[in-house]
2 protein chains.
Amino acid sequence: MARTRAKDYDDKALSILHRSAELFAASGYVGTSMNTIADACGVSKALLYHYYPDKEAILFDILSSHLQELVAAVEQANAAPGEPVQRLRTIIGTLLELYRHADAEHQVQIASLKLLPKDKREPLLASERILVGIMSDALAAAVPAAKQKRVLKPLAMSVFGMLNWHYMWFREGGPMTRTDYADFVVRLVLAGADEAVAAVTRPRGKGKSASRSRQAELL
Amino acid sequence: MARTRAKDYDDKALSILHRSAELFAASGYVGTSMNTIADACGVSKALLYHYYPDKEAILFDILSSHLQELVAAVEQANAAPGEPVQRLRTIIGTLLELYRHADAEHQVQIASLKLLPKDKREPLLASERILVGIMSDALAAAVPAAKQKRVLKPLAMSVFGMLNWHYMWFREGGPMTRTDYADFVVRLVLAGADEAVAAVTRPRGKGKSASRSRQAELL
DNA sequence: CCTACCGATCGGTAGG
DNA sequence: CCTACCGATCGGTAGG
């Protein structure tokens, strides 16, 4: 009788992906050998090639599953009912929470997505664009001044900068929780965006924002 | 008589560094061979080893010269006279301006600094800590609420997040100049920081910041 | 005839 | 400053 697919096949495939992501994050994609991956996963190299046709497929699947998880969660957060500000907060909090157990995948995305050939890279960049699009829409809805085309992208990318850079310094058990930092970023953006947008859209010298702070005047 | 060092020796060494940085940024450190570097620089591989003892020395020198340039410029900006807010603006503007011609070096710093062995990595991390220290001091001076130990690091790292992420989206000739974006970031931080700091330091529910915005109330 | 898995080794290329 | 190579290790595949 033919052997059926092992019932832990998918579990094993996923655990290989995560372990590989950790190795890629530490030593780089090219700097991590298939032998190293096999050893770290406690399987033979031949078994590795049973799960994935080649090394490139491992990198692609790491990033594909990571980005699809982000897109699905952010789309759900975006579809939830509520005020625009609350939606923005949920989106940002969701991203930071997903990063909790995806630090390696996140670093691989930043350092190694570009190493894939164009046909494998393109669908991943499309997922990234979906995330940027949802964040931009949420910002435009929550921050009136952000609707201006000239500043929406810089504002959205500033938010992604803060979120995507957090792996460099954020440590679990520090003085701020992830939820704290999500609130921190949201409030920074909400309170600061009108001012920042006004600064780069009005003519030099005279401002017309009623809420400009004393410090902003000094610029 | 012994040959003297060629008068363009240092120029050539620097151009090799920059070309290597571009290759490392595109294909990764391990993914770029010494033969590729030699070909791209129009020199033999043997000449490459005349300038640098090994591949690791090229990576180290790329990052060392890049970070020393950043530290020197930021220290000078920090030492200039003027109001704290103006000093913060100068520091942020200086960093964005230096990144103009150091995109490759910047990407190599993010993706490949970690690949160096500890003894080579440590002095580079020390330079990074100097930059973070100056930025933190400038923020503490310009933003009263930022002085609280619990929030100074998150605020400083949020600023570095925005600045260090800009290579992912900022394009020369777009609607915003580098100076525009520097202003944008400074005003975002100045106007938003008091609010953001209050959010994560006060007890839950009730706030006491007089300047809380309508949007912030909704959180 | 299928999938699951092993020990051993392939042709090429890496840094030096 | 070059060509000619080295010891080792790479990603990937063979037979069973």
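Which helices each supply at least two residues of the surface near DNA strand C? They are helix 3 (45-51) of chain A and helix 3 (45-51) of chain B. The close-ups below start from that surface and then move through the rest of this predicted model.

**View 1. The protein surface around DNA strand C.** Here you can follow the 15 residues around the strand, of which Ser44(A), His50(A), Met34(B), Lys45(B) and Lys55(B) come nearest. Helix 3 of chain A gives the most to this surface, with three residues. Sorted by class, the surface holds six nonpolar, four polar and five charged residues. On the strand's side, 65% of the atoms within 4 Å of the protein belong to sugar or phosphate, and the rest belong to bases.

**View 2. Individual polar atom pairs at DNA strand C.** Start with Ser44(A), where an N or O atom of the side chain is 2.6 Å from a phosphate oxygen of the strand. Met34(B) takes part through its backbone instead: one of its backbone N or O atoms lies 3.0 Å from a phosphate oxygen of DNA strand C. Lys45(B) is the place to look for a base contact, with a polar side-chain atom 2.8 Å from a base oxygen of the strand.

**View 3. The residues surrounding DNA strand D.** From chain A come Thr32(A), Ser33(A), Met34(A), Lys45(A), Tyr49(A), Asp54(A) and Lys55(A), and from chain B come Ser44(B), Ala46(B) and Leu47(B). Of the atoms of DNA strand D that come within 4 Å of the protein, sugar and phosphate account for 59%. The surface near this strand divides into four nonpolar, three polar and three charged residues.

**View 4. Phosphate contacts of chain A with DNA strand D.** Two of the pairs shown here use the protein backbone: a polar backbone atom of Thr32(A) is 3.3 Å from a phosphate oxygen of the strand, and one of Met34(A) is 2.9 Å from a phosphate oxygen. Tyr49(A) uses its side chain, placing a polar atom 3.1 Å from a phosphate oxygen of DNA strand D. If you zoom out to the elements, helix 3 of chain A and helix 3 of chain B are the ones that give two or more residues to the surface near this strand.

**View 5. The enclosed cavity and its lining.** A search of the whole structure turns up one cavity of 30 Å³ or more. The largest cavity contains about 190 Å³ of space. Its lining has 23 residues, and those closest to the centre are Gly28(A), Tyr29(A), Ala111(A), Ser112(A) and Gly28(B). Both chains take part: helix 1 (9-27) and helix 6 (103-112) of chain A, together with helix 1 (9-27) and helix 6 (103-112) of chain B, each give two or more residues to the lining. By class, the lining is made up of twelve nonpolar, nine polar and two charged residues.

**View 6. Tyr29(A) beside Ala111(A).** Tyr29(A) sits in the loop between helix 1 and helix 2 (34-41) of chain A. With a relative accessible area of 12%, Tyr29(A) is buried. Its C-alpha atom is 8.7 Å from that of Ala111(A), although the two residues are 82 apart along the chain.

**View 7. Gln109(A) and Ser127(A), two buried residues on helices of chain A.** Gln109(A) belongs to helix 6 of chain A and counts as buried because its relative accessibility is 14%, under the 20% cut-off. Its side chain makes a polar contact of 2.9 Å with the side chain of Glu128(A). Ser127(A) is placed in helix 7 (residues 118-142) of chain A and is also buried, with a relative accessible area of 14%. Between Ser127(A) and Gln68(A), 59 residues apart in sequence, the C-alpha to C-alpha distance is 7.1 Å.

**View 8. Helix 8 of chain A.** This helix covers residues 149-164, and at 1.5 Å a residue its 16 residues should span 22 Å; the end C-alpha atoms are 23 Å apart, which agrees. Since 13 of the 16 residues are buried, helix 8 of chain A is largely enclosed by the rest of the structure.

**View 9. Helix 7 of chain B.** For the 25 residues of this helix (residues 118-142), 1.5 Å a residue gives an expected span of 36 Å, and the 35 Å between its end C-alpha atoms agrees. Its buried residues include Leu124(B), Ser127(B), Glu128(B), Leu131(B) and Ile134(B). Further buried positions in the helix include Met135(B), Ser136(B), Ala138(B) and Leu139(B).

Notes: Residues are numbered from 1 along each chain as its sequence is written. Chains are lettered from A and ligands numbered from 1 in the order in which they are written. This is a predicted model: local features need pLDDT of at least 70, side-chain atom pairs count only at pLDDT 80 or more; totals for chains, interfaces and linings use all residues. Side-chain values use heavy atoms; hydrogens and water are left out. A residue is near a molecule or strand if one of its heavy atoms lies within 4 Å of it. A polar contact is a pair of N or O atoms within 3.5 Å; within protein, one must be able to donate a hydrogen and the other to accept it, and residues adjacent in sequence count only if both atoms are side-chain atoms. Helices (H or I, at least four residues) and strands (E, at least two) are DSSP runs, numbered from the N terminus. Ala, Val, Leu, Ile, Met, Phe, Trp, Tyr, Cys and Pro count as nonpolar, Asp, Glu, Lys and Arg as charged, and the others, Gly among them, as polar. On a 1 Å grid over the protein atoms alone, a cavity is a set of points where a 1.4 Å probe fits but cannot get out, and a pocket is an open set with protein on both sides within 12 Å along at least five of seven lines; lining residues have an atom within 4 Å of a point. Grid points are joined across faces, edges and corners, and a volume is the space filled by probe spheres set on the points. The expected span of a helix is 1.5 Å times one less than its number of residues. Buried means under 20% relative accessible area, exposed over 50%, partly exposed in between (1.4 Å probe, protein chains only).
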